[in-house]
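Colleague: Please take one part of this model and explain it closely to a first-year student, giving the meaning of each term as it arises.

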2 protein chains.
Amino acid sequence: MRSHALPEVHPQHRLATISDGDIEVPVTAISLSDSPDGTPNDDVLVYRTAGPGSEPEVGLPPTRAEWIASRGDIGTYAGRPRTLSDDGRSAVRRGEASRAWRGGRRDPVRGLDGRTVTQLHYARRGEITAEMRYVALREGCSAELVRQEVAAGRAIIPANVNHPESEPMIIGRAFLTKINANIGNSAVTSSIAEEVEKLTWATRWGADTVMDLSTGDDIHTTREWILRNSPVPIGTVPIYQALEKVDGDAAALTWDVFRDTVIEQCEQGVDYMTIHAGVRLAYVPLTAERVTGIVSRGGSIMAGWCLAHHEESFLYTHFDELCEIFARYDVAFSLGDGLRPGSIADANDEAQLAELRTLGELTQRAWEHDVQVMVEGPGHVPLHLVRENVELEQDWCHGAPFYTLGPLVTDIAPGYDHITSAIGAATIAQFGTAMLCYVTPKEHLGLPNRDDVKTGVITYKIAAHAADLAKGHPGARVRDDALSKARFEFRWHDQFALSLDPETAMAFHDETLPAEPAKTAHFCSMCGPKFCSMRISQDIRDAYGSAAEQRAVVEAGFAEKSRQFVELGSSVYVSDEAVDAVEVVEVVR
Amino acid sequence: MRSHALPEVHPQHRLATISDGDIEVPVTAISLSDSPDGTPNDDVLVYRTAGPGSEPEVGLPPTRAEWIASRGDIGTYAGRPRTLSDDGRSAVRRGEASRAWRGGRRDPVRGLDGRTVTQLHYARRGEITAEMRYVALREGCSAELVRQEVAAGRAIIPANVNHPESEPMIIGRAFLTKINANIGNSAVTSSIAEEVEKLTWATRWGADTVMDLSTGDDIHTTREWILRNSPVPIGTVPIYQALEKVDGDAAALTWDVFRDTVIEQCEQGVDYMTIHAGVRLAYVPLTAERVTGIVSRGGSIMAGWCLAHHEESFLYTHFDELCEIFARYDVAFSLGDGLRPGSIADANDEAQLAELRTLGELTQRAWEHDVQVMVEGPGHVPLHLVRENVELEQDWCHGAPFYTLGPLVTDIAPGYDHITSAIGAATIAQFGTAMLCYVTPKEHLGLPNRDDVKTGVITYKIAAHAADLAKGHPGARVRDDALSKARFEFRWHDQFALSLDPETAMAFHDETLPAEPAKTAHFCSMCGPKFCSMRISQDIRDAYGSAAEQRAVVEAGFAEKSRQFVELGSSVYVSDEAVDAVEVVEVVR
């Protein structure tokens with residue numbers, strides 16, 4: 001199957017595995033050359049979201065199926081009958097897709113009557129599942145920590161029992177910050193393989209989850225192929241499909257149409273669903289004086305419905321029924337922030353905060369059903385109000401993982417909103433947001449193309465990683481240190497291989513100095529051979545490294561030494577005598 | 001002269017002026033169309049760095065010359081004789097440039113014997129200069145505030161008396177966050193006009209100052225043309241040129257060569273100079289165990305010199321002489337951080353902090369001579385250590401403005417270091433850094449081209465503006481609010497015009513919906529006409545806006561209303577009765 005996947009992002013990258021008994025987790029191993037002094041450099045193993053690769057018409061193997069079945073609490077059933085409206089009236093791919101499929105066909109499964117099959121349920125009972133062990137291996141922590149965080153509701157493992165192809169991953173503030181990439185069908189795409197390729201492209205660059213935000217025709221079939229090929233959890237916003245089923249007329253939506261759509265998606269294997277149940281009738285007028293009103297599509301659909309019917313949202317009134325459904329498939333709530341601010345002016349306003357309080361209430365109701373929950377957040381927020389967002393969410397929503405869209409820290413840079421939002425994203429993640437929904441350069445302007453998706457994912461890997469470094473996540477700095485060492489030692493190929501985007505790094509380098517010898521030369525294009533700070537610095541290290549008295553200085557401890565220098569005052573050359581006088585203390589690094 | 005400048009960045013932009021008596025400040029006026037309901041929208045006036053535009057062979061008018069002369073403390077003199085080594089042995093443009101020049105020729109000026117002509121000197125004497133009034137008008141504050149901040153050393157107005165073409169600007173934490181763009185000559189450029197064009201390009205997108213980091217041949221002539229055409233302060237790192245004069249051999253540098261180079265640049269009109277006087281001999285060994293040693297070019301040159309001579313840095317030992325020179329031209333120090341960390345691993349280490357303490361000592365020494373000072377900062381710093389950098393600098397350097405390079409918050413994304421550093425830059429500016437040195441996507445990899453310079457400048461305008469919003473700078477939100485209002489009202493051309501980069505915003509929009517009607521349509525490409533959250537939101541506003549009871553709700557105050565809703569609990573449709581029962585309170589906005 002490997003031959004059908006995109007190639008690794010760099011020749012020095014390869015698929016490897018780490019294992020713990022019967023659990024095997026794929027990782028990307030980055031091989032490095034020796035240092036100039038002959039010291040070998042260990043492979044750097046990095047978290048891998050791309051999975052093993054698959055042929056779109058066959059899908060991934062259902063590796064999790066055995067774990068799911070072994071718990072003895074699920075059963076196969078006939079499933080909801082397919083209807084024409086699942087794909088829309090003008091669907092064209094259904095037949096073609098059916099004929100092309102060469103993978104297995106499975107009836108859906110769900111929890112047996114009265115049984116809850118969620119990871120939260122198991123965790124609360126004290127059970128460490130295979131999924132939790134898998135996650136622990138990926139994160140480099142104990143399975144018991146994973147269980148505890150899931151049991152407390154502070155983390156979720158989105159893992160629908162009908163998506164056995166997925167590689168378990170965890171979303172929670174105690175773990176690596178995750179990122180989501182949005183994809184959706186478009187009128188110009190001609191094949192299911194191309195839809196799957198978008199997924200593969202996003203996970204290749206590091207998307208931890210993917211949301212399928214398709215609208216229009218072939219929506220069911222597109223989602224089916226994505227799920228069967230996805231090693232990462234898939235999220236959706238089911239109100240989009242429900243709206244299609246009523247021809248785009250928000251007022252015509254009903255709980256029955258919505259419920260049917262949710263079950264359709266549960267049976268396909270969607271791992272988490274955005275539900276805008278916090279957009280309550282009473283909050284709609286709070287948006288009337290905003291600069292940008294309601295900017296969430298789901299939020300505006302539900303607000304439109306409430307307005308048309310003059311009734312409380314059916315998502316709110318039927319929330320417990322939704323919980324009962326989710327509990328039988330282990331679908332996680334992503335409680336949508338339908339009233340999130342769409343501009344700096346509207347940030348942290350009453351509409352947003354009123355909804356957030358309701359999301360806190362809904363979190364507790366979901367937890368009563370042992371259903372996993374994360375909570376969505378803004379949007380557009382100036383930098384000084386970012387921290388308040390995550391602190392209020394953690395407080396009001398009882399520690400449920402926060403999942404934010406950016407936030408953008410200014411409105412004035414359309415075309416660069418991956419950057420305006422990465423600033424907010426890194427900051428909000430530093431203070432405890434668990435997952436970041438990416439923003440591409442096309443935000444507010446148009447539909448992202450392949451390059452935009454890649455730029456969005458890489459930009460958000462940067463924001464997430466910056467937060468992991470700031471939170472002191474164990475092991476987060478390994479890649480930085482390896483890359484910086486490679487940079488200092490002029491191991492150019494290693495520097496590229498360790499980059500989030502090796503091909504761009506190499507292309508930029510080659511624009512100025514394309515020749516292969518330049519990649520081994522001990523200088524670079526910025527300063528040229530005569531004038532290289534890294535080389536001068538290496539000379540200094542060589543000189544001081546060989547001088548016994550200077551080693552003694554270093555061994556004496558940096559902190560102590562600095563104090564000595566200050567005390568020595570303005571005369572200040574540290575003579576051998578002065579150095580000898582420095583008290584030898586342990587070097588703390 | 002206008003015809004020789006680059007055109008405005010958008011057809012709705014035009015050069016305008018605001019004035020206060022005899023002081024006139026150019027601004028960019030952005031004209032807007034009416035709202036859909038017919039309400040006119042005022043022009044948005046934005047800070048302008050591009051000046052009025054100039055013809056490279058003529059230069060800008062010396063608008064400040066009269067102010068400088070009127071103070072009666074300067075005199076013209078013959079100036080230092082030009083030598084062949086000023087431009088390097090292989091210089092080719094000197095003659096050509098001399099023949100091409102059609103602007104005025106001036107002898108240099110400097111403070112009369114015993115006179116100090118710095119803005120700091122005037123401010124401390126209680127004098128409000130024309131430059132201070134100009135700056136106050138630009139910043140929208142009182143001239144007395146400007147004087148106070150300059151007098152206290154918390155802000156600088158870089159304004160060499162030999163650069164009368166410059167439009168005064170201020171660098172200080174109480175004012176708008178500024179950004180610097182670096183430019184430098186390159187072997188492939190064929191004319192002086194092209195060098196000037198780099199300057200014009202950077203200021204067109206918003207660079208507040210430009211550093212000319214040229215090395216190699218024609219360095220003096222290139223700088224001359226840049227200065228004569230620059231409406232923004234120009235900074236340099238004179239050690240680069242001094243090193244050229246000794247054929248790149250750091251050990252051959254002497255105080256005399258350096259001093260001569262500094263005077264050469266003072267006479268040309270350089271407004272601030274990076275001086276790495278904090279790289280003291282005693283600190284060099286502190287870098288020996290670093291992952292990336294010394295990454296500053298100036299720092300490594302001086303460390304190399306100290307190492308070769310086993311002597312204290314001549315920049316440190318001759319610092320007072322430098323101050324005496326700077327005081328006669330009003331050149332500001334930019335105290336270089338030659339030992340800044342070049343990797344996450346080296347952030348906030350003893351080498352960095354030892355140097356910073358010395359920069360604090362040098363700040364005070366410069367202030368004793370009434371010479372303006374800012375202090376340079378890192379570099380590479382993980383997000384949780386960023387704030388400490390600015391707090392220590394403000395403390396140890398007695399409030400002198402901080403001027404940082406990023407910092408980059410991770411090492412793993414070469415090719416995207418404009419983004420890794422914008423995250424750090426926005427954060428460090430939020431906490432009080434006054435100016436940010438831009439980083440382009442080519443950082444660590446190669447020489448920035450025209451597109452890279454633009455991307456770097458726009459990215460840093462975002463970071464600086466995000467900080468200004470977070471600091472609550474008066475007026476900072478005007479442009480955000482205007483753009484968001486235009487977005488909500490589907491005034492697409494206004495949205496582009498208000499963007500930092502209108503052409504990119506429009507190009508991205510047109511990729512999906514190129515037709516002109518799409519720019520006035522009440523929907524966009526993301527959702528299409530049937531499914532537009534902004535439109536639905538507008539519908540809601542229309543509906544609620546016309547309903548008297550909902551207006552009453554809004555008038556009752558958002559905070560109070562939210563509380564009411566929570567109290568109403570789960571029944572929660574707000575009937576007319578419930579609304580009537582809400583106590584009418586003043587709306588606090």
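Modeller: A residue is called buried when its relative accessible area is under 20%, exposed when it is over 50%, and partly exposed in between, using a 1.4 Å probe and protein chains only. By this measure, 65% of the 589 residues of chain A count as buried. The model is predicted, so local features need pLDDT of at least 70 and side-chain atom pairs count only at pLDDT 80 or more, while totals for chains, interfaces and linings use all residues. Residues are numbered from 1 along each chain as its sequence is written, chains are lettered from A and ligands numbered from 1 in the order in which they are written, and side-chain values use heavy atoms, with hydrogens and water left out.

Chain A has 23 helices and 15 strands; these are DSSP runs numbered from the N terminus, with H or I and at least four residues for a helix, and E and at least two for a strand. A contact means heavy atoms within 4.5 Å. In chain A, 73% of the contacts with a separation of 6 or more join residues 24 or more positions apart.

The part chosen is helix α16 of chain B, together with its surroundings. Its partner α15(B) has an axis that comes within 8 Å of the axis of α16(B), and the two cross at roughly 25 degrees. Axes here are lines fitted to C-alpha atoms, for helices over the stretch in contact, and the angles run from 0 to 180 degrees between N-to-C directions. Angles under 35 degrees count as roughly parallel, over 145 as roughly antiparallel, 65 to 115 as roughly perpendicular, and the rest as oblique; α15(B) and α16(B) are therefore roughly parallel. Their crossing is right-handed, a term for the near helix being turned clockwise from the far one by less than a right angle, with left-handed for anticlockwise. On the α15(B) side, the contact is made by H418(B), S421(B), A422(B), A425(B), A426(B), A429(B) and Q430(B). On the α16(B) side, T455(B), T459(B), Y460(B), A463(B), A466(B), A467(B) and A470(B) take part. This contact has nine nonpolar, five polar and no charged residues, where Ala, Val, Leu, Ile, Met, Phe, Trp, Tyr, Cys and Pro count as nonpolar, Asp, Glu, Lys and Arg as charged, and the others, Gly among them, as polar.

Helix α16(B) also holds K454(B). This lysine is buried, because its relative accessible area is 10%. Apart from residues up to four places away in sequence, K454(B) touches Y416(A) of the other chain, as well as W201(B), W205(B), D501(B), E503(B) and T504(B).

Beyond α16, in the loop between α16 (450-470) and α17 (478-488) of chain B, lies R477(B). Its relative accessible area of 38% makes R477(B) partly exposed. The C-alpha atoms of R477(B) and H465(B) are separated by 9.1 Å, although the two residues are twelve apart along the chain. Leaving aside neighbours within four places in sequence, R477(B) is in contact with I344(A) and A345(A) from chain A and with L469(B).

Helix α15(B) has a further partner in chain A. Helix α16 (residues 450-470) of chain A packs against α15 (residues 417-430) of chain B at an angle of about 40 degrees, with the axes 10 Å apart. That angle makes α16(A) oblique to α15(B). Right-handed is again the sense of the crossing of α16(A) and α15(B). Here T459(A), I462(A) and A463(A) meet I419(B), T420(B) and I423(B). By class, this contact has four nonpolar, two polar and no charged residues.

The backbone leading to α15(B) also deserves attention. Most residues other than glycine have a negative phi, and most peptide bonds are trans. The peptide bond from G406(B) to P407(B) is cis, with omega near 10 degrees, and P407(B) is in the loop between β14 (402-405) and α15 of chain B. Another cis bond runs from P378(B) to G379(B), with omega near 0 degrees; G379(B) lies in the loop between β13 (373-377) and α14 (383-396) of chain B. D218(B), a residue other than glycine, has a positive phi near 65 degrees. It sits in the loop between β9 (209-212) and α7 (219-229) of chain B, and at 4% relative accessibility D218(B) counts as buried.
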